[in-house]
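Student: I am new to this structure and would like a close look at a single part, the surroundings of the ligand. Would you kindly describe what lies there, and then place that description beside the interior of the protein?

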Amino acid sequence: MSVERLISGKSQGQEEEKYNLTLRPTRLIEYIGQKEIIEKLNISLRAARERGEPLEHALLYGPPGLGKTTLAYIIAYEMGTRLIVTSGPALVRPADLLGVLTNLERGDILFIDEIHRLAPPVEEYLYSAMEDFRISINLDKGIYSKVVEVPLKPFTLIGATTRSGLLGTAFRERFGILHHFDFYPAEDLSEIIRRSGKMMTLEISEDAVYELAIRSRGTPRTANRLLRRVRDYAQIYSSGKIQKENAMTALKMEGIDECGLDGVDRKFLRTIIEYYDGGPVGIEAIAATLNEEVDTLADVVEPFLLKIGFVVRTPRGRRVTKKSFEHLGVKIPLGQEQLF
Ligand code: ADE
């Protein structure tokens, strides 16, 4: 990412990660929201435990910051197993995976974040590991080459991805459990903020909780981050107590508007309007104009704008809607009203 964003779904540094870890629920019962996922997962976990088997491989997908990693930690806790954490970009060659796989104990959970970014040979190497719990190792090259089959201990692979569409069918079909994470409604975010507030021993009014919830882009990680910014502000200017007024002032200072959009979101919308007549326009063109990475726009910025109906996808690219014009206070050019 080229721009540090307050509402970016991505983690920002160690300080933040420390908070994420302490605010993270550790047991399934503490998890707020995503009811359908939790209900189904609870059944899968209980059934696997009763049979004394590892959980089936699971694929968790959805926008960043919604709790995919948190849920992987919870699954390990509930199964009473270890969680080994790695990521797609960290596994460059099959050899990188070899060490990880052969060191797994029975029931261990291997968590691969950004699994859509695995190199194809590494992904293919995973197939037999996932399906038959065995891998083949090529010893030597040329006429002396020999393939040895190595058995693995039964394990669970949990993959997390922001875009399941980038995973091939062959790979996707090797996961027995698939769960899609959606943005959280304000009520769930309010509950998460109250819980985090309690853990941080904050005094926070109910209307401030709600104000934060509706400005968190449906994302718990953002809610917790905004809560910390508002806490700092309240500590300096209002002897600590967080109320609607100081919360709103603090959020305004951070460039967060009443819909929870930040400067990058607004720039994204303005670029489509000002440079591309409201669209349709390809995401690559928007990225080039904004000097941003395509992946950041596609994973972090766009999903929420689609969700709240500020942007639509058409076969020819992205288009803003009337709501975007209204939100930005921009008039639709004369004679073009019917286009939006
Ligand atoms: N903190 C972040 N996400 C959470 C969630 N879904 N439930 C409870 N606490 C959280």
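Tutor: The following account begins with the ligand and then turns to the nonpolar cores. The model is a predicted one. Around the ligand stand Pro25, Glu30, Tyr31, Ile32, Tyr184, Ile192, Arg195, Pro220 and Asn224. By character, this shell consists of 6 nonpolar residues, 1 polar residue and 2 charged residues.

Several polar contacts may be located individually. At Ile32, a backbone N or O atom lies 2.8 Å from a nitrogen atom of the ligand. The side chain of Tyr184 has an N or O atom 3.3 Å from a nitrogen atom of the ligand. For the side chain of Arg195, the corresponding distance between an N or O atom and a ligand nitrogen atom is 3.4 Å. Taken on its own, the ligand has 260 Å² of accessible area, of which the protein covers 95%. Two elements, helix H7 (186-199) and helix H9 (220-237), each give two or more residues to the shell.

The interior may now be considered. In soluble globular proteins, nonpolar side chains tend to be buried together. Here the largest nonpolar core comprises 73 residues, and those with the most contacts inside it are Leu71, Ile75, Ile242, Phe268 and Leu269. Ile242 serves as an illustration: leaving aside residues up to four places away in sequence, Ile242 touches Leu202, Glu203, Ile204, Ser205, Ala208, Leu227, Val230, Arg231, Ala234 and Ala247. A second core, separate from the largest, has 23 residues, among them Tyr127, Ala129, Ile135 and Leu152.

How values were computed. Residues are numbered from 1 along each chain as its sequence is written. This is a predicted model: local features need pLDDT of at least 70, side-chain atom pairs count only at pLDDT 80 or more; totals for chains, interfaces and linings use all residues. Side-chain values use heavy atoms; hydrogens and water are left out. A nonpolar core is a set of buried Ala, Val, Leu, Ile, Met, Phe, Trp, Tyr and Cys residues joined through side-chain atoms within 4.5 Å. Buried means under 20% relative accessible area, exposed over 50%, partly exposed in between (1.4 Å probe, protein chains only). Contact means heavy atoms within 4.5 Å. A residue is near a molecule or strand if one of its heavy atoms lies within 4 Å of it. A polar contact is a pair of N or O atoms within 3.5 Å; within protein, one must be able to donate a hydrogen and the other to accept it, and residues adjacent in sequence count only if both atoms are side-chain atoms. Accessible areas come from the Shrake-Rupley method with a 1.4 Å probe; for residues, only the protein chains shown count as cover. Helices (H or I, at least four residues) and strands (E, at least two) are DSSP runs, numbered from the N terminus. Ala, Val, Leu, Ile, Met, Phe, Trp, Tyr, Cys and Pro count as nonpolar, Asp, Glu, Lys and Arg as charged, and the others, Gly among them, as polar.
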